[in-house]
Amino acid sequence: MSLPTVDTTVTYPAGAVAGTGTVLYTQTLPDGRPAVLTDSTPVHPVDAGWPDQGADRATLTTADGTEVPVEDCVVGATDGSSLFLGRDIPVRKGTEGWVFTVVHVLPAGTVPAEGSEVRFQVDNGYRAALSAGHTACHLASLALNKALAEAWKKDVQADAAGNPNFDALAIETSTISEFGSRDLYRLGKSLRRKGFLPDALLASPEVVEEAVNRTLAGWVASGAAVRIERDSELLTGMRRWVCDLPDGTVSIPCGGTHSDSLARFSGIQVRLSLKTADGAAEMVMETSGAPAG
Ligand SMILES: [Zn+2]
């Protein structure tokens with residue numbers, strides 16, 4: 001069989017944790033493990049370009065009833081002749097002539113037949129915890145932007161709530177974990193050139209932290225609904241995280257999974273810490289959500 005000619009249909013944005021797929025293509029990776037591509041999957045892969053939310057934990061059951069763990073799940077891309085995985089993908093999503101696909105990596109020795117149907121089961125609890133972590137991460141970044149809104153002396157791009165987008169302009173890495181996230185921001189020269197005045201933040205990060213946590217407490221108390229809007233069910237289809245916050249609906253492009261409501265949390269809090277790296281100040285924002293009881 002040949003490499004797929006359309007993107008994988010993904011059902012995780014709609015909240016699916018189980019589903020079937022037809023095996024379109026398999027290939028043995030250099031480490032001996034098979035890569036399995038199906039027409040459809042509920043398994044969230046780690047994204048190549050912005051790997052903030054890791055892969056789901058899941059199992060794959062073959063047509064003959066053999067159940068194996070999906071050891072890794074990554075985004076792949078093909079031009080019809082070769083398959084590239086993760087960081088090896090040489091083009092951006094949406095590039096003409098390229099198909100993006102979810103790649104399930106199985107233990108060596110298990111190769112489901114091409115054309116056969118396989119069943120996926122995602123670890124529901126782990127997914128829910130990562131979804132909560134991702135939702136908390138978006139909220140914390142919006143609350144941080146709001147708390148730092150007065151620290152800008154120039155007009156810069158605004159975030160989904162209309163505040164200067166410190167998060168987008170300063171972020172280095174973002175890592176989603178179970179019920180939380182860790183965001184690393186660089187407060188260097190280029191951010192100053194864009195008009196950011198870091199002195200108040202550097203002098204008293206606890207004041208900013210308090211403001212962020214006050215905002216988050218209000219948002220969690222509202223129990224606002226969260227949904228993922230999508231143009232299509234294809235892997236590269238445009239998807240947006242939308243949350244009906246008390247001060248207005250916010251919408252952020254996002255390919256991850258999310259809690260369906262802020263009522264899933266009893267609280268969300270951040271901790272800000274400053275450090276110096278390569279002569280520039282860096283700030284870590286650790287966000288933790290507590291599940292509603
Ligand atoms: Zn996101």
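1. In this predicted model, the largest nonpolar core holds 39 residues, and among them Leu144 and Phe166 touch the most other members. In soluble globular proteins, nonpolar side chains tend to be buried together.

2. Several elements contribute to this core, since at least two of its residues are supplied by each of the helices α1 (124–147), α2 (166–170) and α5 (205–222), and likewise by each of the strands β12 (180–187), β14 (239–245), β15 (248–253), β16 (265–277) and β17 (280–291). The helix α1 gives the most to the core, with 7 residues.

3. What does phenylalanine 166 touch, if residues up to four places away in sequence are not counted? Its contacts are Leu144, Asn145, Leu148, Trp152, Ile171, Tyr185, Leu187, Leu191, Phe196 and Met283.

4. A second core, separate from the one described above, is made of 23 residues, including Val23, Ala77, Trp98 and Leu106.

5. The model also has an open sheet of 8 strands with antiparallel pairing, and the order of the strands across this sheet is β6-β5-β10-β2-β3-β9-β7-β8. At the edges lie β6 (67–70) and β8 (83–85), each of which pairs on one side only, and from one strand to the next the twist averages 40°. Strands of a sheet pair through backbone hydrogen bonds, either parallel or antiparallel.

6. Within this order, β2 and β3 are neighbours, and a student may wish to look at this pair in detail: strand β2 (residues 18–28) and strand β3 (residues 34–38) run antiparallel and are joined by 5 bridges. Here glutamine 27 stands opposite alanine 35, which belongs to β3.

How values were computed: Residues are numbered from 1 along each chain as its sequence is written. This is a predicted model: local features need pLDDT of at least 70, side-chain atom pairs count only at pLDDT 80 or more; totals for chains, interfaces and linings use all residues. Side-chain values use heavy atoms; hydrogens and water are left out. Two strands pair if DSSP finds at least two bridges between them. Helices (H or I, at least four residues) and strands (E, at least two) are DSSP runs, numbered from the N terminus. Axes are lines fitted to C-alpha atoms, for helices over the stretch in contact, and angles run from 0 to 180 degrees between N-to-C directions. A nonpolar core is a set of buried Ala, Val, Leu, Ile, Met, Phe, Trp, Tyr and Cys residues joined through side-chain atoms within 4.5 Å. Buried means under 20% relative accessible area, exposed over 50%, partly exposed in between (1.4 Å probe, protein chains only). Contact means heavy atoms within 4.5 Å.
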